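Me: I've got a model open and I'd like to learn how to read it feature by feature. Can we walk through it together?

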Amino acid sequence: MPGLIQESPFQTITVKELHPTFGAEVGGVNFQNLSDEQFREILAAMAKYGFCVFRDTGLDDPAHVKFSERFGELDNMRRYLGAGRKPRYDLLELFDAGNIGNANAILDPESARAHSNRGNGLFHADSTFNPRRASFSLLRACELPPPGHGGNTDFADSRTAFEELPEDLRGLLLAHDYVGAHSMAHSRKLGSPAFFADVDPAASPMQRHRVAQLHEPSGRMNLLVGAHLHHVEEDGEEIADSWGLVQRLNAHATQKKYTTTVEWHNPGDMIIWDNRCVLHRAGGGTFEGKYRRDLRRTTVHDDSPTAWGCNPVDSVWMGFNPQAKSKHDGAVGV
């Protein structure tokens, strides 16, 4: 039952379930001296619950990166740093998921970067727009808005969503080898269509990953969908009514019964999720343009057999979209 500490096979951690089908708050982790046994139990909890919340970790930037490296090879933001762009901090493995600009000021809600951030408010899985998808994301709070002003993080259970697909849709996915084409420019345009009206996601390369996939750590099937999914293909060709299928799958996977919200309590809180079995989105609120929300994320490259999807391992990794106009300067992914 959600909200209760459950009896479990875990010996070194406690688990409080957050939703009937996924999500847990994990306690008892010694982040300053993490044993191999405790790390194995964290991995087991991730396989079972899809996302886990850790309160008051005490991690700083270097410790965040070092802990993340235990999960695998990390992505970095180097390819996004062209045209003189500089990060707010030294470690390029930390992606900036907050609302603070390089001048250490709160982003103007009408700035290009704020417009691109609106895409983060749509349910998605990180890095499906890359040739090699992500496994885990580790998001840590450094500075939070006052309570009651929003800025929470929402999750959707895409494994249970697959298992509860309508019979006709489930049969369709199992009968066809459907491949999803993913684009960050697409999610940015969905999040702020007027600002990015002159961006055509189809004019730039997309990365392809199968729509229905086995989540190997749990042995359960998963829907790899979300806001980066631009269209669906079979045998290299876009299928008929592709956008209709994309919309139907996303609507199904993000129904209220499959979603839950995590509130950030204090700096040092961390959420880890597995992009291969959950979707997530950044929650809005009255903090926007008023209060600082400094969140920093590491992203782990998937090392499973399906990590590269249908993409060549020598694919070019895209930074900023070459279609970007001067008004888009500072936007992420466009």
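**Reading the hairpins, sheets and salt bridges**

Reply: Let's start with a hairpin: β9 and β10 form one, with four residues between the two strands, and glycine 219 in the turn has a positive phi of about 75 degrees. Keep in mind that this is a predicted model.

Me: Okay. How many bridges hold β9 and β10 together, and in which sense do they pair?

Reply: Strand β9 (residues 212-215) and strand β10 (residues 220-223) pair over four bridges, in the antiparallel sense. To see one of those pairings, go to histidine 215, whose bridge partner in β10 is arginine 220.

Me: Which side chains of β9 are buried, and which are not?

Reply: Check which face each side chain points to. Along β9 they alternate: Gln213 and His215 point to one face and are buried, while Ala212 and Leu214 point to the other and are not.

Me: Where else can I practise on a hairpin?

Reply: Try β1 and β2, a hairpin with six residues between the strands. Glycine 23 sits in that turn with a positive phi of about 85 degrees. Strand β1 (residues 14-17) runs antiparallel to β2, and four bridges join the two. Valine 15 stands opposite valine 26 in β2. Alternation shows up along β2 (residues 24-27) as well: Ala24 and Val26 point to one face and are buried, whereas Glu25 and Gly27 point to the other and are not.

Me: What unit does β2 make with α1 and β3?

Reply: A right-handed β-α-β unit, with helix α1 (residues 36-49) as its helix. β2 and strand β3 (residues 51-54) pair in the parallel sense, over two bridges. Alanine 24 stands opposite cysteine 52 in β3.

Me: Now a bigger picture. What is the strand order in the open sheet of four strands?

Reply: For a sheet, write down the order and then look at the ends. Here the order is β8-β7-β11-β12, with antiparallel pairing. β8 (207-210) and β12 (237-238) stand at the edges, each with a single partner strand, so each has one side without a neighbour in the sheet. Further in, β7 (residues 179-182) pairs with β11 (residues 229-234) in the antiparallel sense over four bridges. One spot to click on is alanine 181, whose bridge partner in β11 is histidine 231.

Me: Which helix lies across β11 and β12?

Reply: That's α7 (residues 242-253), running at about 120 degrees to β11. Helix α7 also turns up in what covers the buried residues of α6, along with α3 and β11.

Me: Which residues of α6 are buried?

Reply: In α6 (residues 184-191), the buried ones are Met184, Ala185, His186, Ser187 and Arg188. Look at the start of that helix too: a side-chain oxygen of serine 183 reaches to within 3.2 Å of the backbone nitrogen of alanine 185. A little further along, serine 192 is found in the loop between α6 and β8. Serine 192 is buried, at 4% relative accessible area. Leaving aside neighbours within four places in sequence, serine 192 is in contact with His115 and Arg118.

Me: On to charges. How many salt bridges are there in the whole structure?

Reply: A search finds 23. For any one of them, ask how far apart the atoms are, how buried each partner is, and what the pair links. Take arginine 79 and aspartate 75, whose side chains meet at 2.9 Å, N to O. Aspartate 75 is buried at 5% relative accessible area, while arginine 79 is partly exposed at 23%.

Me: Which parts does the pair of aspartate 294 and arginine 88 tie together?

Reply: Their side chains meet in a salt bridge (2.9 Å, N to O). Aspartate 294 lies in strand β16 (residues 294-301) and arginine 88 in the loop between α2 (61-68) and β4 (95-96), so the pair ties together parts 206 residues apart in sequence. Aspartate 294 is buried at 3%, and arginine 88 counts as partly exposed at 22%.

Me: What about arginine 133 and aspartate 302: buried or exposed?

Reply: Arginine 133 counts as buried at 3% relative accessibility, and aspartate 302 counts as buried at 0%. Salt bridges that share partners also join Asp61, Arg88, Asp96, Arg113, Arg140, Asp294 and Arg296 into one network.

How values were computed: Residues are numbered from 1 along each chain as its sequence is written. This is a predicted model: local features need pLDDT of at least 70, side-chain atom pairs count only at pLDDT 80 or more; totals for chains, interfaces and linings use all residues. Side-chain values use heavy atoms; hydrogens and water are left out. Two strands pair if DSSP finds at least two bridges between them. Contact means heavy atoms within 4.5 Å. Axes are lines fitted to C-alpha atoms, for helices over the stretch in contact, and angles run from 0 to 180 degrees between N-to-C directions. A salt bridge is a side-chain nitrogen of Lys or Arg within 4 Å of a carboxyl oxygen of Asp or Glu. Buried means under 20% relative accessible area, exposed over 50%, partly exposed in between (1.4 Å probe, protein chains only). A polar contact is a pair of N or O atoms within 3.5 Å; within protein, one must be able to donate a hydrogen and the other to accept it, and residues adjacent in sequence count only if both atoms are side-chain atoms. A crossover is right-handed if, with the strands pointing away from the viewer, the path from the first strand over the helix to the second runs clockwise.
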